[in-house]
Amino acid sequence: MFAAAFGGFLTLCAPATVFAGDTDTDACVEAWKADVQRMVNSRCVTCHQNAAPAGNLSLQRGTAPGSLIDQPSDQSELVYVKPGSLEDSYLFRKLEGTHLEAGGSGQRMPLGGSLSESDLAIIETWITGCAGE
């Protein structure tokens, strides 16, 4: 897992939003807007927007994270984001490069490279934080 591999690094790059209690979709949406959307805009939206987004997944403002949380992936039996579980979140596996092990297909995202450790930490913190404490 990313947090174990990089120890205190996650703490330094973690989004500011704090979650409490069980999965709170409204809190997850707000955290996405505050902590994740800017990074996604610069790295993902170019391909994942408009009427025919890559992989049928739109990540443009106003559609994500509703298109991610507990939504089935087109490439795996996993959902895109299972709040609290990186292992069961196809989005994280696709970004981390472990999607094939989860029965997924295609290339690691983003195409032509990978996210920086700090960008991956933002996604990791968002997914695990959506489950609450």
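This briefing walks through the main structural features of one protein chain. The model is predicted. The chain has five helices and zero strands. Along the sequence, the pattern reads α-α-α-α-α. Of the 133 residues in the chain, 41% are buried. Contacts between residues at least 6 apart in sequence were also counted, and 49% of them join residues at least 24 apart.

**The largest pocket**

- The largest pocket has a volume of about 420 Å³.
- The lining of this pocket consists of 25 residues, and the closest to the centre are His48, Leu57, Leu59, Lys94 and Met109.
- Two helices, α3 (25–43) and α4 (90–96), each give at least two residues to the lining.
- By type, the lining holds 18 nonpolar residues, five polar ones and two charged ones.
- Rolling a probe the size of a water molecule over the atoms shows where empty space is left.

**The salt bridge in helix α3**

- A search of the whole structure turns up one salt bridge.
- Glu30 and Lys33 form a salt bridge, and their closest N and O atoms are 3.5 Å apart.
- Both Glu30 and Lys33 sit in helix α3. They are three residues apart, about one turn of the helix.
- Glu30 is partly exposed, at 46% relative accessible area.
- Lys33 has a relative accessible area of 51%, so Lys33 counts as exposed. The cut-off for exposed is over 50%.

**A buried charge in helix α5**

- Asp119 belongs to helix α5, which covers residues 117–129.
- Asp119 is buried but has no salt bridge.
- The nearest side chain of opposite charge is that of Arg43, 4.3 Å from Asp119. A salt bridge needs the side-chain nitrogen within 4 Å of a carboxyl oxygen, so this pair does not qualify.
- Setting aside neighbours within four places in sequence, Asp119 is in contact with Met39 and Arg43.

**Ser73 and Asn56, between α3 and α4**

- Ser73 lies in the loop between α3 and α4.
- The relative accessibility of Ser73 is 8%, so Ser73 counts as buried. The cut-off for buried is under 20%.
- Ser73 touches Leu78, Val79, Tyr80 and Tyr90, when residues up to four places away in sequence are not counted.
- Asn56 is also in the loop between α3 and α4.
- Asn56 counts as exposed because its relative accessibility is 62%.
- Asn56 and Ser67 are eleven residues apart in sequence. In space, their C-alpha atoms are 9.8 Å apart.

**Cis peptide bonds**

- Most residues other than glycine have a negative phi, and most peptide bonds are trans.
- The bond from Ala64 to Pro65 is cis, with omega near 10°.
- Pro65 sits in the loop between α3 and α4.
- Met109 and Pro110 are also joined by a cis peptide bond, with omega about -5°.
- Pro110 is in the loop between α4 and α5.
- Met109 also appears in the pocket, among the lining residues closest to the centre.

**Positive phi angles**

- Asn50 is not a glycine, yet its phi is positive, near 65°.
- The loop between α3 and α4 holds Asn50.
- Asn50 has 57% relative accessibility and therefore counts as exposed.
- Asp70 is likewise not a glycine, and its phi is positive at about 60°.
- Asp70 is located in the loop between α3 and α4.
- At 40% relative accessibility, Asp70 counts as partly exposed.

Key:
Residues numbered from 1 in each chain as written. Predicted model: local features only at pLDDT ≥ 70, side-chain atom pairs only at ≥ 80, totals over all residues. Heavy atoms only, no water. Helix = DSSP H or I, 4+ residues; strand = E, 2+ residues; numbered from the N terminus. Buried < 20%, exposed > 50% of the residue type's maximum accessible area, 1.4 Å probe, protein only. Lys, Arg positive; Asp, Glu negative; His and termini not counted. Contact = heavy atoms within 4.5 Å. 1 Å grid on protein atoms, 1.4 Å probe; cavity = no way out; pocket = protein on both sides within 12 Å on 5 of 7 lines; lining within 4 Å. Points joined across faces, edges and corners; volume = space filled by probe spheres on them. Nonpolar A, V, L, I, M, F, W, Y, C, P; charged D, E, K, R; others polar.
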